[in-house]
Each structure stands twice: as structure tokens, then as C-alpha cells.
There are 2 protein chains.
Amino acid sequence: VNEALGTWIDGVVGGHVPADDRGLQYGDGVFETILVRNGVPRFLESHLERLRRGLTQLRIPFSDEAALRSEIGRAAAMAPPLAIVKLIVTRGSSQQRGYAPRGALDARRIVSLWRTAALDPELEQQGVVLEVARLRVPTPSPFAGLKHLNRLENVLASSDTLDGLAFEVLMLDADGNVVSGASSNFFLVKAGRISTPPMDRAGVAGVMRSVVLREALRLGIEACERTLTLQDVIAADGSFITNARIGVVPVRRLREHVFTMTDVARELQRHIESLDA
Amino acid sequence: VNEALGTWIDGVVGGHVPADDRGLQYGDGVFETILVRNGVPRFLESHLERLRRGLTQLRIPFSDEAALRSEIGRAAAMAPPLAIVKLIVTRGSSQQRGYAPRGALDARRIVSLWRTAALDPELEQQGVVLEVARLRVPTPSPFAGLKHLNRLENVLASSDTLDGLAFEVLMLDADGNVVSGASSNFFLVKAGRISTPPMDRAGVAGVMRSVVLREALRLGIEACERTLTLQDVIAADGSFITNARIGVVPVRRLREHVFTMTDVARELQRHIESLDA
């Protein structure tokens with residue numbers, strides 16, 4: 001269900017990258033994971049906007065967005081009904097060793113197309129189980145909000161899901177504040193309002209997260225960014241997680257704490273699923 | 001002076017890595033930078049020990065150390081009088097997308113050989129200039145001490161050296177404590193004793209750092225790990241930086257603060273330079 005269908009490196013079909021690429025050497029780059037539904041890359045402009053923001057903040061010169069768009073189009077055109085297009089842009093290859101990016105480097109584009117499956121309808125309806133990651137996220141990250149390639153924290157945190165029943169793990173910072181899921185953003189529902197942690201000290205500011213914040217307002221649901229502790233989460237009426245692939249998915253249980261299914265999560269889930277983009 | 005002479009991927013000559021390698025996708029791996037002097041990889045056992053420690057902590061199964069050793073030997077045998085052998089071990093290629101490492105993955109070895117130059121004798125003698133990096137390192141890192149592939153902080157911090165006269169930048173954490181140089185460890189000298197920040201909250205525990213701590217004791221120089229602020233640094237008699245390539249190098253100036261040259265730094269520099277390994 002989760003199979004690579006093709007890879008393009010700087011527009012050329014292939015599956016290999018020079019070993020001196022700074023993405024491999026240092027995680028020096030950014031990425032995006034875009035859901036393609038019936039050939040349409042969802043929320044493409046938001047993904048490209050975040051990509052640009054990341055490249056700017058990492059001071060990676062990038063002038064090939066037109067080429068990148070055409071590669072996304074090519075991948076989407078051959079995608080099955082449900083697929084992921086993953087974009088990586090690295091700072092490119094250094095001719096020299098060393099952290100400092102010396103000389104004029106050419107950013108490298110890596111576009112890959114992956115088959116994906118819809119979320120199990122039972123999980124989509126009944127909600128998923130969350131655990132709390134053992135690892136604590138260090139803060140404040142100078143790259144908070146960006147979807148950069150330094151993702152060891154996410155890798156190690158999500159390893160905690162491998163031997164249990166949890167669909168996702170909630171990552172906390174050293175102060176015990178919620179950051180996000182390992183591969184999702186986290187929202188809680190309380191008295192008909194939704195809130196999610198700010199992404200200014202850690203975490204990835206997900207495209208689906210911003211879609212939810214925007215669409216909530218359109219639906220008349222009050223939404224805000226707010227620091228959340230585990231206590232806040234337990235005291236909530238309900239909660240849900242979001243990412244580009246799964247959209248909005250209610251949380252059924254966090255550790256031993258069972259949530260009720262909230263109308264707000266359902267409404268957002270249905271509404272966002274139904275959006276054209 | 002800083003040129004790639006060869007690369008071996010899992011023992012095979014070549015310069016390309018599959019795009020689905022988790023080192024590229026997530027920075028999911030570790031590395032070592034080993035100085036090869038007259039064909040001898042210096043402090044090889046310490047480098048391999050740190051590599052093993054990193055792999056264990058990142059839960060990357062690795063059973064190919066014998067092959068890695070033979071690849072290091074092959075690279076060293078064709079090295080010019082002064083060279084770097086860089087090792088990278090990644091978690092390998094996932095057949096599936098996603099942070100969690102699902103299925104049995106084969107770790108990938110990437111060994112490359114680089115020409116390098118001795119440090120400019122003037123810098124070696126007179127010392128180098130340090131600046132303070134603008135970026136603050138988030139703490140506590142769950143991977144403190146490890147030489148893992150998530151090095152964006154080092155990349156961005158060392159970019160600060162590109163347009164100035166500084167040889168290296170000092171990285172601080174959010175509390176203002178010294179972590180290390182962007183590609184070196186930092187020591188200060190005070191009343192004939194040396195101290196360096198502990199590596200339990202951030203930074204890389206350099207092999208040369210541990211060589212210095214060990215050899216200092218042999219030379220009868222008191223050495224300890226201690227939290228250091230910029231104020232401590234300014235109040236010191238002198239300071240020096242260390243890494244596998246440059247060994248021990250005195251710091252001449254930090255921002256406007258000029259250090260005197262200490263006998264302790266000189267003695268350690270000469271002694272470690274003269275070691276056989």
C-alpha cells in the first residue's frame with residue numbers, strides 16, 4: 001500500500017542521489033508530503049509556500065520552482081487515485097567537506113511518487129489511539145515550524161508506535177507542553193472550540209493544520225493557538241490529529257484516557273474531506 | 001585542498017545513494033570524520049566506539065563493522081599524506097514512506113576519502129579568531145553527544161563564518177551556556193587547569209575532546225567538564241578548540257576579547273600532535 005512508483009532527480013527519472021548531497025550529509029534541506037487525490041495535488045499552493053519559507057529561512061537559494069511544479073504535475077498525472085508526491089529540496093552537493101556551505105551550490109530537487117491507501121474506515125470513524133512519546137523535544141528550535149530534513153526526533157518518537165496499538169505518538173517538550181504528533185499536528189476540542197499548540201518553539205506547522213484553522217473560522221468554530229499540557233488534553237471534550245495524508249482524524253484514546261467523539265471533529269473531518277483542493 | 005578522492009557505498013566504488021535512503025530522508029544515521037596521517041587513521045578505535053554508541057542509541061541494527069573496517073583500510077591505503085576518511089552509517093532504505101522504521105532494514109555504509117591540508121602554521125601558532133553564533137542550540141537534546149546526521153544547527157551556525165574573519169563560531173544554548181564550536185569542541189584554560197562543557201544536553205562529544213581530557217591527565221594537567229558561560233570564557237586565561245582534523249588549536253580572539261597564549265594549550269597541542277595514533 002505504500003510503494004514507490006517513481007522518482008525524479010532534478011527532473012530526470014532515477015532513483016539515486018550523489019553521496020555528497022548535503023541533504024544526506026547534514027539533513028540540509030526541506031521537504032513536503034502532498035496528497036494527490038484523483039490526480040489533483042491537494043493544497044499545493046500551501047505546500048509550496050511552506051517550502052519557500054523553509055528554503056528562505058535556511059538560506060538555500062532556489063530558483064527552480066517552475067521546474068518543480070512541472071515535475072509535480074508529471075508525477076500527479078501518472079498517480080493512482082490516491083497517492084503521495086513527496087518533494088525534497090536540498091542545498092545540493094558541496095565540492096568541499098564541512099558544514100559551512102561554501103561556493104555557489106545548486107539546490108537539488110527530488111520528487112517521488114508513492115501509492116498510498118485511505119485510512120481504515122473504522123479508524124476514521126471511531127478514532128485512533130495515541131500514546132505519549134518517551135522522547136522530549138528540545139526547545140526553542142531555531143527551525144520551529146519548518147519541515148526540514150532533521151527528523152531524528154520524529155523517527156525515534158514514532159518508533160514507539162511499532163510494538164504497540166498506538167496509531168500515533170504525542171510529542172512533548174522538556175516542560176511537558178504538547179508539541180505535536182510525530183507525523184501529525186494535534187488539536188483539542190473544548191466547549192465547541194478548538195486549540196492547537198503554537199509552532200514557534202518546536203514542531204512542524206502542518207499544511208493541514210493551517211487548513212483546519214482557516215476552515216474552522218469559515219464554519220463558525222472558534223480556533224486558537226495555545227500552549228497545551230497533558231492535563232489540558234485530558235480535561236478536553238475531545239481531540240483530533242491532522243496531516244496532509246489523513247486529513248482530520250479523531251482521537252479515541254490517549255493512554256488510558258478515553259475521549260468522546262465530538263461533533264466539531266466530525267464536522268471538520270467531513271468538511272475538509274469535501275473540499276475540492 | 002578539500003577534494004573527494006573516492007567513495008564506497010557498502011564497499012562498492014561509486015558516488016550515488018538510493019534516494020529512499022533514510023539518511024537523506026530524515027538524517028537517520030551517524031557519521032565520523034577521521035584524520036588519516038601517513039596512511040594511519042588516527043584514533044580509529046575511539047571513532048568506531050562513538051559510531052557504535054550512536055547506532056545503539058538510535059536503535060540502528062549494525063553488524064557490518066568488519067566490512068567497515070576493511071573499507072576504512074582500503075581508503076587509508078590510497079590516501080595522500082594528509083587526508084580525511086568520512087564514514088556515514090544510515091538506517092538504510094525503507095520500502096515504505098514514514099518516520100517509523102518498519103520492517104528489517106539494512107544499514108548502509110558510505111565511506112569517502114578526502115584530501116585535506118594542514119592548518120595554516122600561522123593560525124596553528126598564533127591562534128584562531130572565534131565569533132559567537134547567532135543561532136541558539138535547543139536543549140536538552142535527546143541525542144546529545146552523538147555525531148548524528150541532523151546537523152542543520154551546525155550548518156547555519158557555521159554560515160556565520162563565511163563573510164567574516166572568524167575561523168570558527170561558538171554555539172550557545174538558550175540559557176547562554178557554551179555548547180561547542182560549530183565543528184569543534186571548546187576548552188578554556190584558567191590557573192593552569194582546563195575545562196570544557198559537558199555534552200549531556202547538546203553538542204557532539206568529539207573524539208579529540210576525549211583525547212585531550214585523557215592526555216591532560218597524563219601530563220598532570222587538571223581537566224574537568226563544567227558548565228561555561230560567555231562570562232567564564234572572557235574571564236579565562238586562554239582557550240582552545242579541538243577536532244579530529246586540526247587537533248588542538250589556541251584561540252587568539254573571541255569577538256573583541258584577546259586571549260594570551262597559554263603554555264597549557266601549547267603543551268597539549270604539541271603532545272597530541274606527537275602521539276603515534
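## A walk from a buried strand to a shared interface

Let us start at one pair of residues: in chain B, B:Val189 stands opposite B:Ile194, which belongs to β12(B). This is a predicted model, and that pair is a handy doorway into it. The two strands involved are β11(B) and β12 (residues 193-196) of chain B, which pair in the antiparallel sense over three bridges. Together β11(B) and β12(B) form a hairpin with two residues between them. In that turn you will find B:Ala191, whose phi is positive, at about 55°.

β11(B) has another partner too. Five bridges join β11(B) to strand β14 (residues 238-243) of chain B, and these strands also run antiparallel. If you would like a landmark along this pairing, look for B:Phe186, which stands opposite B:Ile241 in β14(B). Is β11(B) enclosed or open? Strand β11, residues 185-190 of chain B, has six residues, and five of them are buried, so the strand is largely enclosed by the rest of the structure.

The positive phi of B:Ala191 leads us to some other backbone features. Most residues other than glycine have a negative phi, and most peptide bonds are trans. Against that background, have a look at B:Phe43, where phi is near 55°, a positive value in a residue other than glycine. B:Phe43 sits in the loop between β5 (40-41) and α2 (44-57) of chain B. Its relative accessible area is 8%, so B:Phe43 counts as buried, the cut-off being under 20%. In chain A, A:Phe43 has a positive phi of about 55° although it is not a glycine. A:Phe43 is found in the loop between β5 (40-41) and α2 (44-57) of chain A, and it is buried, with a relative accessible area of 9%.

Now for the peptide bonds. In chain A, a cis bond joins A:Thr139 and A:Pro140, with omega about -10°. A:Pro140 lies in the loop between β8 and α5 of chain A. Turning to chain B, the bond from B:Thr139 to B:Pro140 is cis, with omega near -10°, and B:Pro140 is in the loop between β8 (128-137) and α5 (152-159) of chain B.

With both chains in view, we can ask how they meet. How many residues of each chain are in contact with the other? There are 63 from chain A and 63 from chain B. The size of an interface is often given as the accessible area lost when the parts come together. Here chain A and chain B bury about 5,100 Å² between them, with 63% of it on carbon and sulfur atoms. A:Arg97, A:Tyr99 and A:Leu152 supply 18% of the area that chain A buries against chain B, more than any other three residues.

Which kinds of polar link cross this interface? Between the two chains there are 14 residue pairs in polar contact, while the count of salt bridges is zero. On chain A, α5(A) gives the most to the side that touches chain B, with seven residues. By class, that side of chain A has 27 nonpolar, 21 polar and 15 charged residues.

Our last stop is a strand pairing between the chains. β3(A) and strand β3 (residues 16-18) of chain B run antiparallel, joined by three bridges. Within this pairing, A:His16 stands opposite B:Pro18 in β3(B).

Methods. Residues are numbered from 1 along each chain as its sequence is written. Chains are lettered from A and ligands numbered from 1 in the order in which they are written. This is a predicted model: local features need pLDDT of at least 70, side-chain atom pairs count only at pLDDT 80 or more; totals for chains, interfaces and linings use all residues. Side-chain values use heavy atoms; hydrogens and water are left out. Contact means heavy atoms within 4.5 Å. Buried area is the accessible area (1.4 Å probe) that two parts lose on being put together, summed over both. A salt bridge is a side-chain nitrogen of Lys or Arg within 4 Å of a carboxyl oxygen of Asp or Glu. A polar contact is a pair of N or O atoms within 3.5 Å; within protein, one must be able to donate a hydrogen and the other to accept it, and residues adjacent in sequence count only if both atoms are side-chain atoms. Helices (H or I, at least four residues) and strands (E, at least two) are DSSP runs, numbered from the N terminus. Ala, Val, Leu, Ile, Met, Phe, Trp, Tyr, Cys and Pro count as nonpolar, Asp, Glu, Lys and Arg as charged, and the others, Gly among them, as polar. Two strands pair if DSSP finds at least two bridges between them. Buried means under 20% relative accessible area, exposed over 50%, partly exposed in between (1.4 Å probe, protein chains only).
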